[in-house]
Amino acid sequence: MAATLKDLEGWKIIMRDENNNIIDENKRRSRRRNENITIDITRDSDGVSFTRGDSIITKDKNISADLGSYSVYYIHDIRLNTMTSVVELIAMTYLRWFEINPFNYYSYFEKSTFDNTKSIDYYKDRFNEEVDRNQLYLTAELKEISLKEFTQLANIRPVSDWKDELETKVINRDFSVRFLCDPDSTNFIEIDFEKLRNKMLTQEPKAAVQYFKKISIGGVDAVKGKQLATKSKADPVKEVSIREIKVESDSENNLSLSEEEEEDDGDDNDYHSDYEENKGAEDVEGIEDENTPSELSDSENDCANSDEKLISEEEYGESKKSTRTTKKRKISEVKEPKSSKKKIKATTPQYRTAKIKRFTKKNVDRARKKYTPFSKRFKNISDIPDLTKYADFNQSNLDLQMANYEAKLTAPTNSKVVETIFSKIKKQLYSSHGREKLIDNNDFDAYIPGRGKDFATIYLSLYTAIEAGTASTVYIAGTPGVGKTMTVREVIKELQSSMYQEELPEFQYVEINGLKMVKPTDSYEVLWNKISGERLTWGAAMESLEFYFNKVPKQKKRAVVVLLDELDALVTKAQDIMYNFFNWTTYSEAKLIVIAVANTMDLPERHLGNKVSSRIGFTRIMFTGYTHEELINIINSKLQGLNDTYFYVDSTNGNAVLMNSADAENGETLKMSSNIKKVKLRMSNDAIEITARKVASVSGDARRALKVCKRAAEIAEVAYMAKHGFKYDGSLVKADSDDDNDDNFADDKDVIALRKLKGVDNGVSNNEEEDDSVQTVHISHIMKALNEIVNTYNVEYIRKLPFSARLFLYAFLSLIRKTTFQEQEIGSIVDEIKLLADVNGNNKYISAVKNTLYQRENDRPDNNGDNSNSSTGQIRILSWNYIINNLIEAGVMSKQTMRHERLSTLKLNISIEDIKKALDFDETLKNL
Amino acid sequence: MDNIDLEFGPLRKSTQKIDSDKILQNLTNDPAQNNILKSIPLIPIRRNSQSNQDEEIVKPLMKNTSDKRKGIEDLDTHETLKKIKLFNTKQNTHETIDEDIQFNDFKKLLLSKLNHKKLSENEPFKEPFKFLKNIRLELDRILKQAIIQKESHSCIMIGQRNSYKSFLLNGEINELYKNYKDQFITIRLNGFIHTEKDAIKSLAIQLEKQLATIHNTYRDDLSTDSISDGSLTEVFEKILRILDTSTNMNDNASMNKSKITVLFIFDEIDTFAGPVRQTLLYNLFDMVEHSRIPVCIIGTTTKLNVIETLEKRVKSRFSQRLIYMPQIENANEFSDISKELLEIKFKDSDTRDGIFVQNWNKFINEQLSSFDSPLSKYVKENYETFNSIVYFKTSLIPLVQSAKSYDELQNSFTVFEKLKSYSKNQLADSYPAKVKSLSDLELAILLASTRVSEKSRDSFSNFNLTYAEFTEMIKGLNAKIPTLAPESPVKATNDKSKPQKVINFDNTIKIWSKKDVKNVWESLITLDLLTEKGDIGMRETAMAAFYASNYQFHGTKITFDLRQYQPQITLQELRSIVPKSSMYYSWTAL
């Protein structure tokens, strides 16, 4: 990319038309867009020249020098005179060998021998030895390149050359490309680079990238893909039916706009693929699009038919002008004579920024489509196509988008992650991690501890409903963290696996979480989008859904399983959402299964009244909190494979690697170098049990139990790290003399008491701790973590408030005691404080306090005990506003917002006992 | 003096003292004098031949270029200072200049110390006070684990205002930014700025911008569809799709390429934990558990009970990690901390250790260790009333800033005159100060109104009642005041019988017309000494503001003189404020 002409110094841009004649700068203007232009960029100094389809090598500082400090790119497009720069180079990235993840590499290429129990290092080493370092992996990751970074052309040699030993090859210049992959080095696809390149060169860049992405996602070979496309087009029955629908909707929607459309075209070419509306695909080409439902709303693909050529916007507009009957003929007419022009249009890049795009007429049109519900598009129910294939819709686009974002979220430089022995355990203790590992277990109860029965109930009711193609509802209630969502997901997983084995008819699973959307009505949009892939406004989506469940015949659609999570968040004033969802299940044609999950059992009754609860004659399951045995099981199952395991710890930086169980058993110590130690990690059973019991007694929240364990591991980790002087960034510090972390848990009275209670021998645990090779998460750690969660800070906070604030609270309390009202006016507190100050005699100490609080001059001692004549006194104590604001902000009390200060009332938000307890620490106030 | 007071009443707004310093300063603003001063040629300072040659060149230059001094010159000045001591008697002028420079240097140091600025660029971030160390280490641990070890965390910091929450957080983040620039992005949201919807939008924009900078792509038209495009629903969906990838946890393969840590900083996190739907917090805390991308959420708040305001399901997802900012526990600790604040300490290697620094440290030590010194008294006072090191600090800054020489600085810390006027100034908007600034008539009206409201059952007054009370009271007063004839005291006895005759010499207080008093009445309202009944105060919440904007229900419909007002000060309080010498003092009792 070169933003200014200055950046372009030393480079020459040569444009050629189809016949390879060089176009001269002035001439070009007059000829306008009438050429298929190729652009070459030539470096003046050495005459190196490259164009679209070439591969180049650029400098890349992020890559270390021993790897050559370069990256390789495939020039995908060269654009001139864009909005921001004179020349833009758009390139696809090649991954070089070291950017490939050995793990993925082998899991793909050696599926048979691949064994994921082996450590990553093993594969890394093997990879380093085996890999062909001159091989590149093309990815769909687009990038802008700066001309400054260009060093030389890369020479992509055909694979045959590489096999030929005689050919001379220049390292770091000659490469081979045999595979495509995702930017995160997954999903390898074998390609024929030459063919792919030629194919892409014949297409307009935008089309090419779309094509490329299709290949990389779909996993089809470049050539095969083409065949596939043509094959699918030869499905005349389907096509006709679709076309009829479309034309109808077109005439409705577009006729009024068709004239503007034509004026606009050209400028209006929308090269910004817009995933939501699936526009990218339609603008481009009809290759593989035929079996995606986007056609339903768009007429272009209709025109494109089986032609490989691009559809210009002009054609689009024109075809719309034509009446319904003449349409087909016209299309075929248009194609031939105008083909040359079409090509030009397409190849002349007219890039517009998204902003401009927003206001074009076509968007108005598109927006209008968003408002047209699905139901309006059919005159007759028999017109409705088979909708069972809908579900696969825009999945590829989403995947692409995701890959794109994912790539963005990958750090540009790799940092070395230092893991401590506790890292794995902590990761494992997150409630969503580590499910995969347990999947082989066939026993339900061990598989999802404590929920075996509920699992069976849900599974059975879903299974029968899907099998019979009927509608059904399941209502699940339970407090947070008792595994409601988790159980449903497991059920679905199970059902899906039977679906893949074709034991069950196909069904679609949609998850709608009331709290994961901005407004409740979004749930319609989400559901319709999942079913059809279209994005409609919620009103249209609702109508479409109504139509879909009510009118569309059963055999034309799949079963839909909807999980309505956090149901209470979906409650609206009109109650329409819950009503609708449950109402749909009553239709005979609906193949809808609703699983509603909420926190309270009576939610439907409370919020919906009888009209909905009558529709929910379904299975209701109450999830109760886990018992402590179940919690112990859960924790143990999470820690499976980690508890009582050995780690290799690098004593220079604290990095820990999990030891294979086989190694541990054999007691293999061969690999260990001098600075590698073997450390055993253990979470004591007592610790787990105490966690389970404590949590079970409060809420039975599994999430909380796991969090306590995690926190305890963290506390243990801090102690461990400090003891060995490890730092979290992988550096080693000699332990500081100052005692940063109070890891002296023995001081904790609770712990000692507990240990006695549990009969745990102090001596033993201490001995273990002495021994570096065993790291244990003790009860003491658990207790500390539990205390952190249970204890409130209120007493502590008030105890450490300044004297004036404590005096204030004291006055407040004594007023409450006197009047028995919980709310007090500020004015009376002011008076009470004053009273307290005046009543308590006139000794030197009290008057000193008074003088400070009320800022009186103390140089004029007053005999009468009446200070009113000292003119400087204040009527509020010194830090009045400060302490009131502080107490309000801390949430200790709340204040009515009145203009009149004395009359505003204050109310305590924390318990009076807490305050009393805190004030009892204060000797001065005790004596008042 | 008392006579004058009786005649005119206390002069209004006369409390301000005239400062001799200020008069002198004002003279320098006089252009005529300035011209004269300018016309006097500045003679470069001659130095004695004994001193160094190069210093001779340096000195005159240094007069005006105090900013340009560098380390070497500093060394020079140190040397010269030593020399000056030898030739003390001869080089008075030289010494003052030299001291000036050194003092300015010192002042700068002290000020930057007070403002917690780093003394040198490459100094690692340190907590300003020792008692914050544990918190800093804790934050350091969480951030490092999130950014380097790629773990997900969430925690909330709780502490009152000015308890160095954000200070520590930002310091740590900046520190990490130096080394792990491209390993994390920071997204900041503030509950006072963002509503939940704005927060979502802002989150998307920040995410996009930061990712763009981290990848060095300034324009992003290749991936045409940007995160912040589209409706709120779409944006939110996209954010979730990016960050919350729990749905397709397909392979552990993508785990090993290091992901960027997304660090969320929530200021005033309690505002997001409102009563309605805590969508944002729910999703973010959910991410901590599920997301493949390491997410770290750190919230700050002043609410002790923030955890209770979280919805049950949000609470269940939150890690329960609360970091309470430490408060200062006792007076000794406070004193130690103020010492830490005021002392200037360098590492042994530092060369900037001037003579002032040593003297200063010694001075501060002395002052704080002695029980009776004004500084330690002030420290104690602050501890008992505010217990806020920040309040203490800000009150000292003007002291340091205004000092012109070291002696003056030290003096201001021992005498404390300036600090007293500073704290007086802090109280300038207190009710006593307001009452003292009132004119005689205003005070009379205020007293009358207060009396009326005190007498009435539901303690309010209106203009009419107040005016009636006022006239009555004045009449009563006038009746008591003997109207004196100027010539002879004999006449006084006759005055009562025919007051019209001597009205010119009348000493009675004028009874102002209702129209005049109305003006005074209004000014009392603007001074906030009287408030309309039921008036809603500070618009602290959106709801309060809404009610206030609809506040037209009765107040405005009633005619002006009948509107009900309530005085902010009680009669008893007024009694303690109004000086006994005032003639209205008797009014302060019913």
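Student: What makes strands 21, 23 and 22 of chain A an open sheet with edges?

Tutor: In this predicted model, the three strands run in the order 21-23-22 with antiparallel pairing. Strand 21 (823-825) and strand 22 (893-895) of chain A each have a single partner strand, so one side of each lacks a neighbour in the sheet. The twist from one strand to the next averages 25°.

Student: How do you know that strand 21 and strand 23 of chain A pair?

Tutor: Pairing requires at least two bridges. Strand 21 and strand 23 (residues 905-908) of chain A have three bridges, in the antiparallel sense, so they meet that definition. A:E825 stands opposite A:T905 in strand 23 of chain A.

Student: Why is the contact of A:R558 with A:E506 called a salt bridge?

Tutor: The cut-off is 4 Å between the side-chain nitrogen and the carboxyl oxygen. The closest N and O atoms of A:R558 and A:E506 are 3.7 Å apart, so the pair qualifies. Both residues lie in loops, and the pair therefore ties together parts that are 52 residues apart in sequence.

Student: Why is A:R558 called buried, and A:E506 partly exposed?

Tutor: Buried means under 20% relative accessible area, and exposed means over 50%. A:R558 has 10%, so it is buried. A:E506, at 46%, falls in between and therefore counts as partly exposed.

Student: What makes B:R141 and B:E138 a salt bridge?

Tutor: Their closest N and O atoms are 3.0 Å apart, which is within 4 Å. The two residues are three apart in helix 7 (residues 133-147) of chain B, so about one helical turn separates them. B:R141, at 3% relative accessibility, is buried.

Methods. Residues are numbered from 1 along each chain as its sequence is written. Chains are lettered from A and ligands numbered from 1 in the order in which they are written. This is a predicted model: local features need pLDDT of at least 70, side-chain atom pairs count only at pLDDT 80 or more; totals for chains, interfaces and linings use all residues. Side-chain values use heavy atoms; hydrogens and water are left out. Helices (H or I, at least four residues) and strands (E, at least two) are DSSP runs, numbered from the N terminus. Axes are lines fitted to C-alpha atoms, for helices over the stretch in contact, and angles run from 0 to 180 degrees between N-to-C directions. Buried means under 20% relative accessible area, exposed over 50%, partly exposed in between (1.4 Å probe, protein chains only).
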